[in-house]
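User: I would like one careful, connected reading of this model, with a close look at a single part of it and then at its surroundings.
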Amino acid sequence: QVQLVESGGGLVQAGGSLRLSCLASGRGRHALGWFRQAPGKEREFVAHIAWSGVTNDYADSVQGRFFISRDNAKNTMYLQMNSLKAEDTAVYYCAARPLWGSRESEDYEFWGQGTQVTVSS
């Protein structure tokens, strides 16, 4: 069992930055991912990072603006979000699955409660 708690969301102006954190507790080696869901839209993939931290992947919409990292000693994953746009407004969720990341939300076993990110234009 893995428990995930997101933090760091908030209100920011377009062009600004935020850093999200995901604190993971539980046993096992898990890849971690970020997904987001805007009102009236389906949940979509943002980024994922393998247990080792070596392999990561980004959605095209955030490539070059968002950066995923993890500190396994602190059981924490981060998402640095730069050059934020109004279309980045969503609830951001942290998710976990064994070892390797995936772009598919169905592949993830464990989910956090989410943190709201609102970008004003």
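How many helices and how many strands are there in the chain, and which residues lie nearest the centre of the largest pocket?

Analyst: This is a predicted model, in which local features need pLDDT of at least 70 and side-chain atom pairs count only at pLDDT 80 or more, whereas totals for chains, interfaces and linings use all residues. Residues are numbered from 1 along each chain as its sequence is written, and side-chain values use heavy atoms, with hydrogens and water left out.

The chain contains zero helices and eleven strands, where helices (H or I, at least four residues) and strands (E, at least two) are DSSP runs numbered from the N terminus. Read from the N terminus, the order of the elements is accordingly β-β-β-β-β-β-β-β-β-β-β. The C-alpha trace spans about 40 × 25 × 25 Å along its principal axes, and buried residues account for 44% of the 121 residues in the chain; buried stands for under 20% relative accessible area, exposed for over 50%, and partly exposed for values in between (1.4 Å probe, protein chains only). Of the contacts between residues at least 6 apart in sequence, 58% join residues at least 24 apart, a contact being a pair of heavy atoms within 4.5 Å.

Against that background, the part to look at closely is the largest pocket, whose volume is about 190 Å³. A pocket here is an open set of points on a 1 Å grid over the protein atoms alone, where a 1.4 Å probe fits and protein lies on both sides within 12 Å along at least five of seven lines, and its lining residues have an atom within 4 Å of a point; the points are joined across faces, edges and corners, and the volume is the space filled by probe spheres set on them. The lining of the largest pocket consists of 15 residues, and A24, G28, W51, R70 and N75 are the ones that lie nearest its centre. Two or more lining residues are given by each of β3 (18–26), β4 (30–37), β7 (66–71) and β8 (76–81), with β3 contributing the largest share, three residues.

Two of the central residues deserve separate attention, and A24 is a good place to begin. A24 sits in strand β3 and counts as buried because its relative accessibility is 16%. Setting aside residues up to four places away in sequence, A24 touches Q3, L4 and N75, so that contact joins two of the residues named at the centre of the pocket. The C-alpha atoms of A24 and C94 are 9.2 Å apart in space, although 70 residues separate the two in sequence.

N75, by comparison, is placed in the loop between β7 and β8, and at 42% relative accessibility N75 counts as partly exposed. Its backbone is worth checking in the model, for phi of N75 is near 55 degrees, a positive value in a residue other than glycine. Most residues other than glycine have a negative phi. L99 likewise has a positive phi, of about 60 degrees, although L99 is not a glycine; it belongs to the loop between β9 (90–98) and β10 (110–111), and L99 is partly exposed, with a relative accessible area of 42%.

Turning from the pocket to another loop, R43 lies between β4 and β5 (44–49) and is partly exposed at 33% relative accessibility. Apart from neighbours within four places in sequence, R43 is in contact with F35, R36, Q37, Y93 and W111, and its C-alpha atom is separated by 9.1 Å from that of V91, which is 48 residues apart from R43 along the chain.

The last region to inspect pairs strand β2 with strand β11. L11 lies in β2 (residues 10–13), while S120 is in β11 (residues 115–120). L11 is exposed, with a relative accessible area of 66%, and S120 is partly exposed, at 31% relative accessibility. Not counting residues up to four places away in sequence, L11 touches T118 and S120, and S120 for its part touches L11, V12, Q13 and A14. As for C-alpha distances, S120 and E87, 33 residues apart along the chain, are separated by 9.5 Å, whereas L11 and F67, 56 residues apart in sequence, are 19 Å apart in space.
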